[in-house]
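Please work through the exercises below with the sequence and the model side by side. Each task is followed by a solution that goes step by step.

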There are 4 protein chains.
Amino acid sequence: MIPYLTSLDAAHLRVAGIEDPWVFGIRDRVRFGELDALNHVNNVVYARWYETLRVIYMEDCGVYDTAGPDPKFVVKTIGLDYKAEVQRGADYINVARTVEMRNTSFTMHYATFVDGRITTTGHAVVVLLNQDNSKRPLPDAMRTLFTTQDGALQA
Amino acid sequence: MIPYLTSLDAAHLRVAGIEDPWVFGIRDRVRFGELDALNHVNNVVYARWYETLRVIYMEDCGVYDTAGPDPKFVVKTIGLDYKAEVQRGADYINVARTVEMRNTSFTMHYATFVDGRITTTGHAVVVLLNQDNSKRPLPDAMRTLFTTQDGALQA
Amino acid sequence: MIPYLTSLDAAHLRVAGIEDPWVFGIRDRVRFGELDALNHVNNVVYARWYETLRVIYMEDCGVYDTAGPDPKFVVKTIGLDYKAEVQRGADYINVARTVEMRNTSFTMHYATFVDGRITTTGHAVVVLLNQDNSKRPLPDAMRTLFTTQDGALQA
Amino acid sequence: MIPYLTSLDAAHLRVAGIEDPWVFGIRDRVRFGELDALNHVNNVVYARWYETLRVIYMEDCGVYDTAGPDPKFVVKTIGLDYKAEVQRGADYINVARTVEMRNTSFTMHYATFVDGRITTTGHAVVVLLNQDNSKRPLPDAMRTLFTTQDGALQA
């Protein structure tokens, strides 16, 4: 049984039919308040889901821990592609991974799986800043984490 | 013509068919994202509307200005009564007034008008605190403001 | 271990330190998007939580099943009392029960527990309608369910 | 004075310092509930703003009227680029235009202006469907509207 709201690792995801390269996810369930007048999950809600997912990924995978003193993470870009609608009460797994690193930023990919099939994908570019909003190069420990866990590439 | 998103006074409200004792309101319009799967404004959205309204009321009527140094306003209770549903695209006016003052708190009433008729009412009890969360008695200037503007009563 | 997002029964709740008369709940975790500028769970979010909880309660306890053909449930009143703030990432259990029945409506109570202590309580009055919005008396099967499960009283 | 929540045309936008090619916009104001724990407008909120804007654009510019019987508009892709944060209470103008048409879809651009400067941009690809979810070619009247009003190009 795959638990809800607990970080899922590769083993959990494989049981759920979600293949490599995904190794991090969260299982959740559509709530009434996430539906819109078309009676499906509203487009905007996916942006909220991936924000929630990103924060949990960064906490649970230790990204915050590798960021150095008083880091500030700012989202520079997000994108969402809608492939199929998701219905009331649906059980879904949202997955996240970091795919690319640049000097002071990294790119994450997201996807939503319902019954083992992708309904939506997304991406975000996240920039690492100091508290004065100057850019901070990604620390080596963070690069190692992204490479080791997710196979992220240096751009 | 009654403006949107601009504090409305008694004269504006009377033109809109909203009677005494209401003397403060904001005109707005239902957005697509405020509808739920039943294709009407979701119940929870009214709590958001009255939060927005309360903040504008406190700013535009000078409540913050009378609160003394570094005040902290905390909502203790809210209540909402739904009398009629509100539809997509509807034009509405939300009104607010302070009706009662106690030692360190005050009670506000809210209502939503569509085409001159009330569809929803609400209330909130707001407590005034110091930054250390100890209670602060309502300053005299605030009492005078609530009494003069809204006819609020001392409980 | 108390699971997330799965209906919790009395046994689960007792393990979590939540006493009688609560016999239904859902465990969840605060998300980043539920915080407001004061860095705690926003007041309005509790109204959303209790909506989510009410829908799951009605589905999982069989309320919809006892309602007769094409029922329509409409919320008439909600109320919320805030006792303590809830922080980012907090683990919480929301509980629900039906306390009172009238001819065509029933009253539910809600509460949020963090670390075994109540931070917020709420209530809602829900009316049962036919599709033409005429009132429908609560069916006997629904009364039995509310009485047996929650000890609800006839008003 | 530029009105709130009323469709703004080119003349209004020019007065607000927003230049060609923008010819459609809506003025609005940041609400308390749109802020997040970082005390600025939350990233996800822009996706909501542009949804609201898109619906008003399609209604007020007559896009729905040119779509033929029982049209269904589905968002296929959205993207957002964040250039500067927006603060509590800020007054902003969101603008929209259609830039490109394909056989059964069109691409819109969005931007948020605060004090005459762009803080965020976005885009969406919208697909026109029949009620059975088969694709419907954009009617000539819709193409003419997008070309005439916005200078949209055929891809």
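The exercises that follow treat the contacts between chains, the symmetry, one residue and one helix.

This is a predicted model, in which local features need pLDDT of at least 70 and side-chain atom pairs count only at pLDDT 80 or more, while totals for chains, interfaces and linings use all residues. Residues are numbered from 1 along each chain as its sequence is written, and chains are lettered from A and ligands numbered from 1 in the order in which they are written.

**Exercise 1.** Describe the side of chain A that touches chain D, and state how the strands pair there.

Solution. Begin with the contact itself, taking two residues to be in contact if their C-beta atoms, placed from the backbone, lie within 7 Å: 13 residues of chain A meet 13 residues of chain D. Next, assign these residues to elements, where helices (H or I, at least four residues) and strands (E, at least two) are DSSP runs numbered from the N terminus. Helix H2 (43-60) and strand S2 (72-82) of chain A each supply at least two residues of this side, and S2(A) gives the most, with eight residues. Sorted by class, the side has six nonpolar, three polar and four charged residues, where Ala, Val, Leu, Ile, Met, Phe, Trp, Tyr, Cys and Pro count as nonpolar, Asp, Glu, Lys and Arg as charged, and the others, Gly among them, as polar.

Then turn to the strands, which pair if DSSP finds at least two bridges between them. S2(A) and strand S2 (residues 72-82) of chain D run in the antiparallel sense over five bridges; A:Leu80 has D:Ile78 as its bridge partner in S2(D), and A:Asp81 stands opposite D:Thr77. Within its own chain, S2(A) also pairs with strand S5 (residues 117-129) of chain A, in the antiparallel sense over ten bridges, and there A:Thr77 has A:Val125 as its bridge partner.

**Exercise 2.** Determine how chain C is related to chain A, and describe the side of chain C that touches chain A.

Solution. Superpose the copies by least squares on the C-alpha atoms of residues with pLDDT of at least 70 in both. Chain C can be laid on chain A with an RMSD of 0.0 Å by a turn of 180° and a shift of 0.0 Å along the axis, and the two copies are thus related as by a two-fold rotation axis. In chain C, the C-alpha nearest the axis belongs to C:Tyr4, 2.7 Å from it. The same surface serves both copies, since 100% of the contact residues of chain C recur in chain A.

The contact takes 13 residues from each of chain C and chain A. Strand S1 (25-29) and helix H2 (43-60) of chain C give two or more residues each to the side of chain C that touches chain A, and the largest share, four residues, comes from H2(C).

**Exercise 3.** Is D:Ser105 buried or exposed, and which residues does D:Ser105 touch?

Solution. D:Ser105 lies in strand S4 (residues 105-114) of chain D. A residue is buried if 20 or more other C-beta atoms, placed from the backbone, lie within 10 Å of its own, exposed if 12 or fewer, and partly exposed in between; with 20 such neighbours inside 10 Å, D:Ser105 therefore counts as buried. Not counting residues up to four places away in sequence, D:Ser105 touches D:Lys76, D:Val125, D:Val126, D:Val127 and D:Leu128.

**Exercise 4.** How many residues of H2(D) are buried, and what follows the helix?

Solution. 15 of the 18 residues of H2(D) are buried, so the helix is largely enclosed by the rest of the structure. H2(D) is followed by D:Gly62, whose phi is positive, near 90°.
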